[in-house]
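Trainee: I should be grateful for a close look at a single part of this model, namely the surroundings of the ligand. Please connect that part to the rest of the fold as you go.

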Amino acid sequence: MGRTLTAIVAIAACAGAGLAQAAEVAPADVRIEDMAVKESLTGVPGNPEEGAKTLANRSLGNCLACHAVTALSQEQFHGDVAPSLDGAADRWSEEELRAIVVDAKQAFSDETMMPGFYSLNVGINVRKDLVGKTILTAQQVEDVVAYLATLKE
Ligand code: HEC
């Protein structure tokens with residue numbers, strides 16, 4: 001009985017993962033048009049609270065290395081090499097914010113120092129274990145975009 005149950009749970013977990021996988025847009029398939037990514041990368045609404053954590057996390061978004069966000073000002077050092085993200089949602093639509101986070105090189109210009117967080121175009125001499133990987137997962141991008149969409153002044 002215990003074994004059967006474990007097997008069923010395992011199968012159900014695999015099926016769930018398979019579905020999530022299938023619904024996700026692969027990095028190479030993301031279409032940036034008019035500086036916008038119109039469709040969600042996952043079809044699952046972003047979670048703004050998770051997005052704030054991802055944004056501040058040094059090994060994930062690390063956005064605060066360059067940007068300031070007043071609402072997160074107690075958390076850690078904030079960078080000043082890039083514009084403050086306060087009011088970002090007044091300046092950009094959600095579709096535009098998604099494009100900026102996915103691939104700033106395409107959204108802004110090749111010269112931007114902002115990394116592409118859901119792009120395989122990270123440059124030459126990439127460590128072997130990082131080839132084919134993105135900095136953020138598709139859902140982490142959706143979470144960050146959902147958080148940015150709350151930054152109104
Ligand atoms: C290495 C520095 C750097 C990092 C890290 C970085 N950015 Fe940026 N970002 C920039 C710069 C610089 C600009 C301004 C555009 C330009 O000059 O290329 C910018 C522009 C933006 C803009 C548009 C600015 C506005 O509000 O008008 C948004 C939104 C943004 N970044 C979000 C993010 C998010 C979210 C992250 C983390 C997932 C992030 N950035 C990480 C450097 C960075």
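Mentor: In this predicted model, an N or O atom in the side chain of His67 lies 2.8 Å from a nitrogen atom of the ligand. His67 belongs to the loop between helix 2 and helix 3. With a relative accessible area of 13%, His67 counts as buried, because the cut-off for that term is under 20%. The side chain of His67 has a second polar partner within the protein: one of its polar atoms is 2.7 Å from the backbone oxygen of Pro83. Apart from residues within four places in sequence, the contacts of His67 are His78, Gly79, Ala82, Pro83, Leu85 and Met114.

Met114 also appears in the list of residues that come nearest to the ligand, together with Cys63, Cys66, His67 and Thr112; the ligand has 22 residues around it. Two further side chains make polar approaches to oxygen atoms of the ligand. For Thr112, a polar side-chain atom is 2.5 Å from a ligand oxygen. For Arg91, an N or O atom of the side chain is 2.8 Å from an oxygen atom of the ligand. Helix 3 (88-91), helix 4 and helix 6 are the elements that give two or more residues to the shell around the ligand. Helix 4 gives the most, with three residues. The space that the ligand takes up is the largest pocket.

From the pocket we may turn to the core. The largest nonpolar core has 31 residues, and Leu41, Leu55, Val69, Val141 and Leu148 have the most contacts inside it. Two or more residues of this core come from each of helix 2 (48-56), helix 4 (94-102), helix 5 (104-107) and helix 6 (138-148). Helix 6 gives the most, with six residues. Helix 4 and helix 6 thus recur, since they are among the elements of the ligand shell as well as of the core.

Leu148 shows how the core is joined. Beyond residues up to four places away in sequence, Leu148 touches Leu55, Leu85, Ala89, Leu97 and Val101. Of these, Leu85 is also a contact of His67, and Leu55 is one of the buried residues of helix 2, alongside Gly51, Ala52, Thr54 and Ala56. Helix 6 is part of what covers the buried residues of helix 2. At the start of helix 2, a side-chain oxygen of Asn47 comes within 2.9 Å of the backbone nitrogen of Glu49. As a general point, nonpolar side chains tend to be buried together in soluble globular proteins.

Definitions and conventions:
Residues numbered from 1 in each chain as written. Predicted model: local features only at pLDDT ≥ 70, side-chain atom pairs only at ≥ 80, totals over all residues. Heavy atoms only, no water. Core = buried A, V, L, I, M, F, W, Y, C linked by side-chain atoms within 4.5 Å. Buried < 20%, exposed > 50% of the residue type's maximum accessible area, 1.4 Å probe, protein only. Helix = DSSP H or I, 4+ residues; strand = E, 2+ residues; numbered from the N terminus. Contact = heavy atoms within 4.5 Å. Near = heavy atom within 4 Å. Polar contact = N/O pair within 3.5 Å; in protein donor to acceptor, adjacent residues only side chain to side chain. 1 Å grid on protein atoms, 1.4 Å probe; cavity = no way out; pocket = protein on both sides within 12 Å on 5 of 7 lines; lining within 4 Å. Sits in = over half its atoms within 2 Å of the grid points.
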